[in-house]
Amino acid sequence: MIGFSRSARINIGVMAILAILPVFFWWTGQTFYLSLATRLVILAIAAVSLNLILGYGGLISFGHAAYIGIGAYAVGIPAHHALYGGMDFIASNNGFFQIALAVVAAAVFALITGAICLRTKGVYFIMITMAFAQMVYYFFVSIEEYGGDDGLVIDTRSEFPLVNLDQPIVLFLVSYVVLVLAMWLVNAIVNSRFGMVLQSAKGNNDRTVTLGYNTYLYRLTAYVISGAMCGLAGALLGNFATFISPEMMDWSRSGELMFMVILGGTATALGPVLGAAVFVVVAQFLSELTIYWHLPFGLMLIAVVLFARGGLSGILRGKGS
Amino acid sequence: MFVLKSGIPPLDTTLLFVQTLNGVQLGLLLFLVASGLTLVFGILDFVNLAHGSLYMLGAFICASLTFLVGNFLLAVLIALPITGVLGYLIERFVARPLYARDHLDHVLGTFGLILVLDTSVHLIWGPAGIAVPLPAWLEGQVGLFGDVVVPSFRLLIIAAGLAAAAGLFWLVNYTRLGMLIRAGASNRTMVSALGIDIQSLFALVFALGAMLAGLAGMLIAPITEASIGMGNNIIITAFVVIIVGGIGSMKGAFFAALLIGLIDTLGRAFLDDFFKLFMSSDAAENSAPALSAMLIYILMAVVLSVRPQGLFPPKVR
Amino acid sequence: MTTLLSVKGLKKSFGGVTATDDVDLDVIKGELHAIIGPNGAGKTTLISQLSGAVKPDAGVIMLNGANITHKPAHTRARLGITRSFQITSLVMDMSVLDNVALAVQATDGHSFKFLKPARKIGHIRDKALAMLAEVGLAERAEDPTRNLSHGEHRQMELAIALASEAELMLLDEPMAGLGPEESATMVAYLKSLKGKRTILLIEHDMDAVFALADRISVLVYGKVIATGLPDDIRSNDAVRHAYLGEE
Ligand SMILES: Nc1ncnc2c1ncn2[C@@H]1O[C@H](COP(=O)(O)OP(=O)(O)O)[C@@H](O)[C@H]1O
Ligand SMILES: [Mg+2]
């Protein structure tokens, strides 16, 4: 692989393993590991989307799980009505429609709440993103038609021509392709003129404004892109789990997404993927050992924060702090 | 809480009064949680997500002590210093190393702490909630006027909440410690220059905040049970309180807590009746729960759009 | 002689401190107008109000005859005002070239362009490199900004101000913290800019000010106590008493 930098080689290597291993699991009939890999890839998409605003934009959003929920309900609600009637204008199993609904609904929610959140800074921003996510959480808890607290079973997965998401390997491959596209898109965005402004605003907002950039609008745009992308991850997660509940939007889910990004290394292309991988694998491993797995996990989280800034990808690249 | 849903009900003033009291009660509990949060943030510039865990710990410790010593009030008195010590330990081992870091590290570190504390409670007390028995004289109801009766314990919560609020105002505004706290909030170097050990001051403030949150947990436990995760629900509402009130402002926390306690309680109780005034009964009953669940967040959004610094931004920051 | 910037009755207080008190000021197109005054006189606050970073309590700011008092900072930048900061204000995590390129990019239409790599846009890079060359930093272009010395940071600030192509440059103590040699270079450089840009210069170094300024305004306790040619200021009794006398 001459011609690629060291970091590009690592990226390609990791992504190749992430593609090949699950196919191997599928080949050998280890469906459990295939499904673990699918979940990993879907969460990685969400983490990649969060990295755009958290890592490159410096916006500490503690409410990203809301977009996962919105995306998942955008699959579940149309499917529910397609089966049980009512709300004819959204009742549908059409995958394109559901995906579009997920992305648009997430983008609109990001636009409205982002317009308010981004007027504030620092701690306010963290708390407000958290509060808005909790609002969505309680919103779905209060709607009995969609199961309230208990959640909603998705009886029929999104339907696409030629592509059958009921086959686990297909769902994995689709998710993997979406992940690669998401990584490509985020990478393109952060290196574009828009991305330069976004990163500059993170590093020094006053300076960036003084140059003539309305940093509020740039941030809001990034916020909406990130939300829409995460909504897509939510739609995939709905299809994967075939069950959705407000619990998917609990703020500890948002915390986990943040943790993945930090663990893997913010503002790096591969970081969120590595973080999601470690998170999913370690959580799986620990939860098999003990029902109290959140205890060692929480301690690990504290240890990472206290001792290992720069994250995994920083360590991989040999510049861990 | 038991509205008859036949036709358009006349506004039941007894019910309105009782729900208002419930709202005040929720508001005061929110204030106890939010005041510690805002104190710690205002002085230490530290975001403590695990503040809600102290609320939960207060409830569990008080529950166990109630069974041990056989008296709820005595249990509260013993549990208070214990939560204070827990707060101190958290300050010493998790918060203090993070003061110099940015807010992102604060939230991640304390998020990890929540997982640790929630699971520890699970380990020690088991997964189920614990009901906390009250002494007989607090079990009953008190007739206030006319046919209005309210549970005596709810009145006690309100009284205790008001007393704690008053004590806190006195502490912050009229004592030497309060002066240091206020000075420390606006000017750390000045306090250090006065020869005050700022490290101990911070630890003290943290422990005080822990005790306030713990107290709220102890007071609510006889009504709701002590349960895992109870802190994680109230902490977000407490965030909404200090955002609306203005982060770092004690006065803001007080008024915002009452406002939000009332809006949330009254919204859940009466929004459907209110909607029935201008929409069909079915439509009202479908839309009211969703909207009342979102009411306080909508309030927060409105306040922020008009005053991004909250209703009572602290003067010095 | 046309007036580029005209300020009337500009007032700003922080709590009890009145930082600028009824400031009137005219800056003529093409001049180098220096503002002097003791520490805490309100010079930085004045610049911040002109750049839009701080909202005045009262007063009017006109640029080229248009009222910009209520325009946000980024709009003022687009209208032709740039500033440098008394305390270095750069994006430390980015390279030197990226910092300057962002200033160039700001003059090149909006930046809601998402896919093309910014670092491969030739005309922006070339111009940024030219600006760096002009202030003598061409060799450091690819270095991370945080690795540069204080003096080099000051030069970067100037390169950014230049790159913005602003008609009016507000320079807040560009020589602060520089050694004698570096200061001399900066003075020579500012001299070479005279006539090409309109400059409002805040500076403590009196030799530099008298060497550079076409006109000088003296700010004391938030008030402009004198405006005039350097010689007039030098001989003004009120100024000598309030300010120069202290030296
Ligand atoms: N953001 C602020 N908050 C409070 N006081 C300020 C602020 N900025 C400036 N001041 C006060 O305003 C006065 C003028 O400050 P400044 O404009 O920085 O003066 P100069 O640049 O002339 O030294 C000083 O007394 C300073 O303490
Ligand atoms: Mg100054």
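Trainee: In the hairpin of β4(C) and β5(C), which residue takes a positive phi?

Mentor: That's N64(C), with a positive phi near 50°, and the hairpin has two residues between the strands. Before we go on: this is a predicted model, where local features need pLDDT of at least 70, side-chain atom pairs count only at pLDDT 80 or more, and totals for chains, interfaces and linings use all residues. Residues are numbered from 1 along each chain as its sequence is written, chains are lettered from A and ligands numbered from 1 in the order in which they are written, and side-chain values use heavy atoms, with hydrogens and water left out.

Trainee: What makes β4(C) and β5(C) a pair?

Mentor: Two strands pair if DSSP finds at least two bridges between them. β4 (residues 58-63) and β5 (residues 66-67) of chain C have two bridges, so they pass the cut-off of at least two. In those bridges, L63(C) partners A66(C) and M62(C) partners N67(C).

Trainee: Why is β5 (residues 66-67) of chain C called a strand?

Mentor: A strand is a DSSP run of E with at least two residues, while a helix is a run of H or I with at least four, and both are numbered from the N terminus. β5(C) covers residues 66-67, so it meets the strand rule.

Trainee: How do you know that β1(C) pairs with β2(C) and β4(C)?

Mentor: Count the bridges again. β1 (residues 3-14) has eight of them to β2(C) and five to β4(C), and both pairings are antiparallel. On the β2(C) side, K12(C) has T20(C) as its bridge partner. On the β4(C) side, K11(C) stands opposite A58(C), and L5(C) is matched with L63(C). The hairpin of β1(C) and β2(C) has its own positive phi, near 60°, at G15(C).

Trainee: What makes β2 and β5 of chain C stand at the edges?

Mentor: The open sheet runs in the order β2-β1-β4-β5. β2 and β5 each have a single partner strand, so one side of each is left without a neighbour in the sheet. As for what holds strands together, strands of a sheet pair through backbone hydrogen bonds.

Trainee: On to the ligand. How do you know that G40(C) makes a polar contact with ligand 1?

Mentor: A polar contact is a pair of N or O atoms within 3.5 Å (within protein, one must be able to donate a hydrogen and the other to accept it, and residues adjacent in sequence count only if both atoms are side-chain atoms). A backbone N or O atom of G40(C) is 2.7 Å from a ligand oxygen, so the contact counts. G42(C) gets there with a backbone atom at 2.9 Å, and T45(C) with a polar side-chain atom at 2.5 Å. The protein covers 59% of the 560 Å² of accessible area that ligand 1 has on its own (Shrake-Rupley method, 1.4 Å probe; for residues, only the protein chains shown count as cover).

Trainee: Which element gives the most to the shell around ligand 1?

Mentor: α1(C), with three residues. A residue belongs there if one of its heavy atoms lies within 4 Å, and the shell includes F14(C), P38(C) and K43(C). By class it has five nonpolar, five polar and one charged (nonpolar: Ala, Val, Leu, Ile, Met, Phe, Trp, Tyr, Cys, Pro; charged: Asp, Glu, Lys, Arg; polar: the others, Gly among them).

Trainee: Why is the space lined by V48(A) and N51(A) called a cavity?

Mentor: On a 1 Å grid over the protein atoms alone, a cavity is a set of points where a 1.4 Å probe fits but cannot get out, while a pocket is an open set with protein on both sides within 12 Å along at least five of seven lines; lining residues have an atom within 4 Å of a point. The search finds six cavities of 30 Å³ or more, and the largest holds about 60 Å³. That volume is the space filled by probe spheres set on the points, with points joined across faces, edges and corners. Its lining has six nonpolar, three polar and no charged residues.
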